[in-house]
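User: Please take a close look at one part of this structure, and then set it beside other local features of the chain. I would appreciate a single connected account, with each term explained where it first appears.

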Amino acid sequence: MAFAAINNTRSTGVPIAVIEDAFATDPSLKKRVYDAIGSTPQHKPLFEDLARYTSSLLARPAPVTTTLPLAPAPSDGPASKKRKIQNGDLSAGNEVHAPVDVKSSDATVQFYISDVSFAIPQRKKFTLEVTAGQSVLRARNQATKEIDFGVPMDRIRHALCLPVPEKNQKQFNFCIIPEFADGITPPPEGIIGFEPMVFTIADGPAKTAFTGTGQQVGHGAGETAESFLRQILNDNMPNTNVIRPDERQFVSAMPEAHRKGEKAYHVKAFRGSKEGYLFLLSTGILFAFKKPLLFFSFDTIDSVSYTSVLQRTFNLNILARPRGGSEEDQLELEFSMIDQADYDGIDEYIKRHGLQDASLADARRAKVYNVNGGKKDAEAAAEGGAEDEESELQKAQRELEDQEEEDEEDYDPGSEGDSEGSGSSDEDDSDDDDDEEDEEEDEDEDDDVGIENLIKDEPGDDADELPDAK
């Protein structure tokens, strides 16, 4: 890290704050800016002005026009089951969006990369293509040469580029989330649905990237396959840009275990028995990388709370609402076994975006976030004392500690197994050991169990050190 900082500023002597802030999420571009200033110092004011303009774009409120329209629900007739449309395949009856045949053999290929590993919707290697004209992102089967699935670029609502956790070699997962494919908002009747995509791009130069005419691209000086693909997607997606993790939003307290010295932007969590990763991004919260992919954009989140607070882990509960839905449509999803080391960063992120307060949900829905709806807009939405409030996790921890103190005060080592926990009666104070009081001893044992359940100790927790009430 120190070497990188020296390398970035060797031409200018000291870091330039406005450039550091504007290009914090793109180290390679930042380095090119510093190199250009070193080569032509007279252009330093120009680069500073460009950096200020870039920062102003990042802080600009999202235009409402980026919101893709929702189709009205049917007003009469019996409710019918939603049609499940696999792999972006076309079905008859779509009258709201102009149909796009993502498998058309007549489409001109603008760009492609071969041997791309997909995880969703199929675990397989495909050739990734971008078509010209009405742009489509699609996957071609390398054996049959047929198009297996795809999505029109104008139907992509979120595009994310994330470092793959727990890999020795650095890789990036691109998550393409079309409209109605976030796992929260289902497609209305009459709307064609497209499945999300997750595919992996290795760090380093693009070795198998070509134009439609067969010219190799993406291997120039300083170019990587990841940065080149991001640029291709940004140039072709009209409603969003590719989002990457930003340490100003969230960075884990624990570094990447498999790549020494690299920051981690994820936290490990479980949804039920399924293990995955939570990414806290500038536009929402992602749970990936297995099916079903879940993306909670800020305008679909009603509130966030904490449960099952233990010494080493806690659970995160997200109360979400589909776009255009009512309170009856709310769904609550719990992500468990999150390491306590990441609490501070998660809690700061939640407060910054006002996600702990359900009263701000309407404001989030009224203001749709896109790639430019960044940190400053979210902080403004969270104003009103959120930073001064005791978080729900802190409150739960305090209540748990208070309960433990009460239990320790109530415990009497001389009672020979008689517990004075909550709900005990006067009979619990009796020291009579006669066999006739077996019934009372059963009640005391139930009380002991209640206290142990309240403490909820984990293997290795401090709760194991409590005196045995038996």
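Analyst:
**A strand residue and its surroundings**

N317 counts as buried because its relative accessibility is 8%; buried means under 20% relative accessible area, exposed means over 50%, and partly exposed lies in between, with a 1.4 Å probe and protein chains only. The model is predicted, so that local features need a pLDDT of at least 70 and side-chain atom pairs count only at pLDDT 80 or more, whereas totals for chains, interfaces and linings use all residues. Residues are numbered from 1 along each chain as its sequence is written, and side-chain values use heavy atoms, with hydrogens and water left out.

N317 belongs to strand β15, which covers residues 313-320. Strands (E, at least two residues) and helices (H or I, at least four) are DSSP runs numbered from the N terminus. The side chain of N317 makes a polar contact of 3.1 Å with that of T307, and another of 3.1 Å with that of E332. A polar contact is a pair of N or O atoms within 3.5 Å; within protein, one must be able to donate a hydrogen and the other to accept it, and residues adjacent in sequence count only if both atoms are side-chain atoms. When residues up to four places away in sequence are set aside, N317 touches S303, V304, S305, T307, E332, L333 and E334, where contact means heavy atoms within 4.5 Å. T307 and E332 thus appear both as polar partners and in this list of contacts.

E332 leads on to the next region, since D342 sits in the loop between β16 (331-339) and α6. D342 is buried but has no salt bridge, and the nearest side chain of opposite charge, K268, is 11 Å away. A salt bridge is a side-chain nitrogen of Lys or Arg within 4 Å of a carboxyl oxygen of Asp or Glu; Lys and Arg count as positive and Asp and Glu as negative, while His and the chain ends are not counted. Leaving out neighbours within four places in sequence, D342 is in contact with F250, S252, A253, M254 and V267. The helix that follows this loop, α6 (residues 343-352), is mostly covered, with seven of its ten residues buried. Those residues are Y343, I346, D347, Y349, I350, K351 and R352. Just after α6, G354 has a positive phi of about 65 degrees.

A second group of features lies around β1 (109-120) and β2 (124-131). These strands run antiparallel and are joined by seven bridges; two strands pair if DSSP finds at least two bridges between them. V116 stands opposite F126 in β2, and a hairpin of three residues connects β1 to β2. P121 lies in the loop between the two strands, and the peptide bond joining I120 and P121 is cis, with omega about 5 degrees. Q122 occupies the same loop between β1 and β2; its relative accessibility is 24%, which means that Q122 counts as partly exposed. The C-alpha atoms of Q122 and F149 are separated by 9.6 Å, with their positions 27 residues apart along the chain.

β2 is mostly covered, as six of its eight residues are buried. On its other pairing, β2 joins strand β3 (residues 136-141) in the antiparallel sense over five bridges, and F126 has N141 as its bridge partner in β3. β2 and β3 form a hairpin with four residues between them, and G133 in the turn has a positive phi of about 75 degrees.

Positive phi is also found in residues other than glycine. K145, in the loop between β3 and β4 (147-152), has a phi of about 65 degrees and counts as exposed because its relative accessibility is 52%. F180, in the loop between β6 and β7 (197-202), has a phi near 70 degrees but is buried, with a relative accessible area of 12%.

On confidence, the protein averages a pLDDT of 77, and 66% of the residues score at least 70; pLDDT is the predictor's confidence in each residue, from 0 to 100. Mean confidence is highest in strand β6 (residues 171-178), at 98, and lowest in helix α8 (residues 375-381), at 42. Over residues 1-11 the pLDDT is below 50, and this stretch has twelve contacts in the model beyond near neighbours in sequence.
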